[in-house]
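Thanks for passing this one along; here are my notes, in the order I would read through the model. I have kept each point short so that you can check it against the view on your screen.

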Amino acid sequence: MLVAMASRKNQSEDPLGPVTLAVGQEDLLLDRAVQEVVAAARAVDADTDVRDLTSDQLQPGTLAELTSPSLFAERKVLVVRNAQDLSADTVKDVKAYLADPAEEISLVLLHAGGAKGKGLLDAARKAGAREVACPKTTKPAERLGFVRGEFRALGRSATPEACQALVDAIGSDLRELASAASQLTADVEGTIDEAVVGRYYTGRAEASSFTIADRAVEGRAAEALEALRWSLATGVAPVLVTSALAQGVRAIGKLLSARGGRPADLARELGMPPWKIDRVRQQMRGWTPDGVSVALRAVAEADAGVKGGGDDPEYALEKAVVAIARAARSHR
């Protein structure tokens with residue numbers, strides 16, 4: 001399935017409809033919206049002519065030329081990228097075409113959304129265009145949902161921990177996340193778990209400042225120190241590590257002081273996504289309010305050390321990691 005994440009207003013609409021409107025700024029999803037239409041067209045006619053145009057290539061009169069009747073009645077897919085940037089005269093051409101689209105032609109308009117070019121957006125919707133939402137993923141929970149959707153679309157089972165580990169290892173780039181999910185699916189049999197992700201992406205995962213923080217607040221000092229040394233060796237800025245350590249300890253403190261409840265309720269109260277509530281709950285075993293205070297002081301000292309207050313930033317970070325890991329084990 002090509003569009004694993006892009007959501008549609010009407011799931012029953014045909015990709016071969018006269019007009020598809022892909023709205024958003026996530027390049028991978030926009031490209032998948034185009035690929036889905038092209039694949040559907042070529043399934044009907046392998047010789048489908050695909051024209052992929054930027055907004056400046058679609059000049060006044062160009063659309064009429066491309067959609068004029070052909071002696072061979074060939075099927076076409078016309079892709080217009082950055083439709084919000086079309087000139088006023090070209091927008092008039094497109095609006096006129098929307099009122100009377102040609103047979104055997106699928107027009108795909110890629111629009112960033114927002115106020116710019118809103119007239120064209122509204123006209124396409126009014127004309128009944130099939131719409132595909134391609135929003136930019138800005139939140140960790142959205143990226144996690146994307147990875148889960150990728151594995152589902154590929155027909156494979158992956159544990160929640162594996163999905164989270166992949167996001168932690170790869171980061172925010174959806175293309176890289178999709179590629180990683182595809183590689184794991186092709187190379188690994190059975191359920192994909194956290195250990196599998198670790199074997200494939202251990203270097204990147206260990207270089208993550210958040211992985212260092214996770215291992216530290218879990219009381220796993222040796223693993224946290226190993227990840228820290230790898231991180232520093234691969235060029236991660238020490239200040240990013242102290243920031244991640246501070247976030248990890250503060251999350252423990254927030255949840256310790258919060259009243260019990262469902263993850264969704266605590267998420268609203270503490271300003272965390274529900275998936276993070278579940279993760280922090282697992283990490284907070286053994287923590288006490290005094291332990292949180294000790295850990296926060298250690299982070300503050302490390303922060304001063306890496307910002308010029310000490311002679312050895314690496315030692316300052318190692319000292320903080322050990323202090324946090326000990327605080328995590330205070331009641332174990």
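1. **The model and its confidence.** Please keep in mind that this is a predicted model. The protein chain has a mean pLDDT of 85, with 87% of its residues at 70 or more. Confidence peaks in strand E2 (residues 19-24), at a mean of 96, and is lowest in strand E1 (residues 7-8), at 40.

2. **The start of the chain.** Residues 1-12 have pLDDT under 50 throughout, yet the model gives them 31 contacts beyond four places in sequence. The low value for E1 (residues 7-8), a mean of 40, belongs to this stretch.

3. **Overall make-up.** The protein chain holds 15 helices and six strands. Of its 332 residues, 46% count as buried. Among contacts with a separation of 6 or more, 76% link residues 24 or more positions apart. The accessible surface is about 16500 Å², and carbon and sulfur atoms account for 50% of it.

4. **The largest nonpolar core.** This core has 37 residues, and Leu166 and Leu184 touch the most other members. At least two residues each come from helix H1 (27-44), E4, strand E5 (105-111), strand E6 (130-134), helix H5 (140-153), helix H6 (160-170), helix H7 (174-187) and helix H8 (194-206). H1 supplies the largest share, eight residues. Why does this core lie between domain 1 (19-134) and domain 2 (140-201)? Both domains give residues to the core, so it lies between them.

5. **Leu184 and a second core.** Setting aside residues up to four places away in sequence, Leu184 touches Phe151, Leu166, Ile192, Val196, Val197, Tyr200 and Tyr201. Leu166 is thus on the contact list of Leu184, and these two residues are the ones that touch the most other members of the core. Another core, of 35 residues, lies apart from this one; its members include Val236, Ala244, Ala295 and Val306.

6. **Helix H6.** Eight of the eleven residues of H6 are buried, leaving the helix mostly covered. The buried residues are Ala162, Cys163, Gln164, Ala165, Leu166, Val167, Ala169 and Ile170. After H6 comes Gly171, which has a positive phi, near 105°.

7. **Arg75.** Is Arg75 buried or exposed? Its relative accessibility is 12%, and the cut-off for buried is under 20%, so Arg75 counts as buried. Arg75 sits in the loop between helix H2 (62-66) and strand E4 (76-80). Beyond its neighbours within four places in sequence, Arg75 is in contact with Leu16, Ala41, Val44, Asp45, Thr48, Asp49 and Glu104.

8. **Glu104, the partner of Arg75.** The side chains of Arg75 and Glu104 make a polar contact at 3.0 Å. Glu104 is placed in the loop between helix H3 (88-99) and E5. With a relative accessible area of 36%, Glu104 is partly exposed, whereas Arg75 is buried. Leaving out neighbours within four places in sequence, Glu104 is in contact with Glu74, Arg75 and Lys76. Gly17 is 87 residues from Glu104 along the chain, while the C-alpha atoms of the two are separated by 9.2 Å.

Notes. Residues are numbered from 1 along each chain as its sequence is written. This is a predicted model: local features need pLDDT of at least 70, side-chain atom pairs count only at pLDDT 80 or more; totals for chains, interfaces and linings use all residues. Side-chain values use heavy atoms; hydrogens and water are left out. Helices (H or I, at least four residues) and strands (E, at least two) are DSSP runs, numbered from the N terminus. Buried means under 20% relative accessible area, exposed over 50%, partly exposed in between (1.4 Å probe, protein chains only). A polar contact is a pair of N or O atoms within 3.5 Å; within protein, one must be able to donate a hydrogen and the other to accept it, and residues adjacent in sequence count only if both atoms are side-chain atoms. Contact means heavy atoms within 4.5 Å. pLDDT is the predictor's confidence in each residue, from 0 to 100. A nonpolar core is a set of buried Ala, Val, Leu, Ile, Met, Phe, Trp, Tyr and Cys residues joined through side-chain atoms within 4.5 Å. Domain bounds come from an automatic or database domain assignment. Accessible areas come from the Shrake-Rupley method with a 1.4 Å probe; for residues, only the protein chains shown count as cover.
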